[in-house]
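Student: Please give me a close look at a single part of this model, its charged and polar side-chain pairs, and set that part against the background of the whole. I would like one connected account rather than a list.

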Amino acid sequence: MTYIILSVVVVVLIALIARNVAIVPQANAYVVERLGKYKHTWHAGIHIKIPFVDRISNRVSLKEQVLDFEPQSVITKDNVSMKIDTVVYLVIFDPKLATYGVEHVIPAIENLTATTLRNLIGELTLDDTLTSRDTVNSQMQALLDVATDPWGIKVNRVELKNIIPPRDIQEAMEKQMRAEREKREAVLKAEGSKQARILEATGIKEATVLQAEAAKQKAILEAQADREAAITRAEGQADAIRKVKEAEAQGIEMIKQAQADDAVIRLRSLAALEEMARGQATTLVIPSDLAGLAGNLAALKSALDGTKGPEKQ
């Protein structure tokens, strides 16, 4: 009987010890109350509480939490109704304040986020709301962080996940976007056509300049060729004249060397006169000393006859 009682006592003690030994996981914290009053906060590790005196009132995660709230209805400054859902990133830095600072932390943050969002969007127009997400995010983060600080909560970031305007606004925005795209397309086409015309005109201009330059070079080459041909012809004529003059000079020199007298010269003149008479000229020039020329011819003939006489003997 004694053994049975001892066994029961041992089992009860083991059960009490097991129930009052707590192992706190990493990145977690336990809020402990003693006789209904806050005593201390347990962090990661093994802890023992006093049976029937200490109680773990709250288990708090110290990790960063992501709260994705349902879309909230808001009205912009220009009276456009839309729905916006937000995502809040927060972390509990004081488990005691998170336990005793507010009742139901997550619903409290959701309601606080919705009211803050309505206040901010109510001061913006539709276009500002659509184009100022970063501004709204930063303002909401600052406001929520200040409001949740007494709860031991740090709001790290707030994001507007979706902005859902009414259907008719969406259709108008789609039409506007389509018109903007068509406008940009028309502008791009006009710009391309303009550039094409500019390039074409530039090409024609450059081709005209090249043609003019080629014509100029051709004219220069032709002028140079004509000049060289004229020079060559002039040189040929000058050479011919020079040769004629040289031949005449040589003939005169030969006549001088042969000691021809006036009779011979006059005879040659008569021969030239005879040649002129056989020509096609209609005007004859008769020397003024034709009588003297005839006498010289007679004397020359007598001299020639006298020379031929002895040869016959």
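Tutor: Accessible areas here come from the Shrake-Rupley method with a 1.4 Å probe, and for residues only the protein chains shown count as cover. With that method, the accessible surface of the protein comes to about 22500 Å², of which 58% belongs to carbon and sulfur atoms. Please keep in mind that the model is predicted. Its 8 helices and 9 strands belong to a protein of 313 residues, 20% of which count as buried. Among contacts between residues at least 6 apart in sequence, 63% join residues at least 24 apart.

Turning to the charged pairs, a search of the whole structure finds 8 salt bridges. One of them joins arginine 34 and aspartate 54, whose closest N and O atoms are 2.6 Å apart. This pair links distant parts of the chain, since arginine 34 belongs to strand S2 (residues 28-34) and aspartate 54 to strand S5 (residues 54-61), 20 residues apart. The two partners fall into separate accessibility classes: arginine 34 counts as partly exposed because its relative accessibility is 27%, whereas aspartate 54, at 7%, counts as buried.

A second example pairs lysine 154 with aspartate 145, with 3.0 Å between the closest N and O atoms. Here lysine 154, at 34% relative accessibility, counts as partly exposed, while aspartate 145 has a value of 17% and therefore counts as buried, the cut-off for that class being under 20% relative accessible area.

A third salt bridge, between aspartate 239 and lysine 243, has its closest N and O atoms 3.4 Å apart. Both residues lie in helix H6 (residues 167-257), where they are 4 residues apart, or about one turn of the helix. Salt bridges that share partners join Asp239, Arg242 and Lys243 into one network. Within this network, aspartate 239 has a relative accessibility of 26% and so counts as partly exposed.

The polar surroundings of glutamine 72 can be read alongside these charged pairs. Glutamine 72 is found in strand S7 (residues 72-75), and it counts as buried because its relative accessibility is 16%. Its side chain reaches the backbone oxygen of glutamate 70 at 3.2 Å, and a polar contact of 3.4 Å joins it to the side chain of arginine 118. Leaving aside residues up to four places away in sequence, glutamine 72 touches Met82, Lys83, Ile84, Asp85, Glu110, Ala114 and Arg118.

Helix H3 (residues 105-121) runs for 17 residues and reaches 24 Å from its first C-alpha to its last, close to the 24 Å expected at 1.5 Å a residue. The buried residues of H3 are Val105, Ala108, Ile109, Leu112, Thr113, Ala114, Thr116, Leu117, Leu120 and Ile121. Ala114 thus appears both in that buried set and among the residues that glutamine 72 touches.

For a contrast with these polar and charged pairs, consider the nonpolar surface patch of about 370 Å² made by Ile5, Val9, Leu13 and Ile17. Isoleucine 17 lies in helix H1 (residues 2-19), and because its relative accessibility is 55%, isoleucine 17 counts as exposed, whereas glutamine 72, at 16%, counts as buried.

Key: Residues are numbered from 1 along each chain as its sequence is written. This is a predicted model: local features need pLDDT of at least 70, side-chain atom pairs count only at pLDDT 80 or more; totals for chains, interfaces and linings use all residues. Side-chain values use heavy atoms; hydrogens and water are left out. Patches are made of residues with over 30% relative accessible area and no salt bridge: like charges are joined within 9 Å, nonpolar side chains (Val, Leu, Ile, Met, Phe, Trp, Tyr) within 5 Å. A salt bridge is a side-chain nitrogen of Lys or Arg within 4 Å of a carboxyl oxygen of Asp or Glu. Helices (H or I, at least four residues) and strands (E, at least two) are DSSP runs, numbered from the N terminus. Buried means under 20% relative accessible area, exposed over 50%, partly exposed in between (1.4 Å probe, protein chains only). A polar contact is a pair of N or O atoms within 3.5 Å; within protein, one must be able to donate a hydrogen and the other to accept it, and residues adjacent in sequence count only if both atoms are side-chain atoms. Contact means heavy atoms within 4.5 Å. The expected span of a helix is 1.5 Å times one less than its number of residues.
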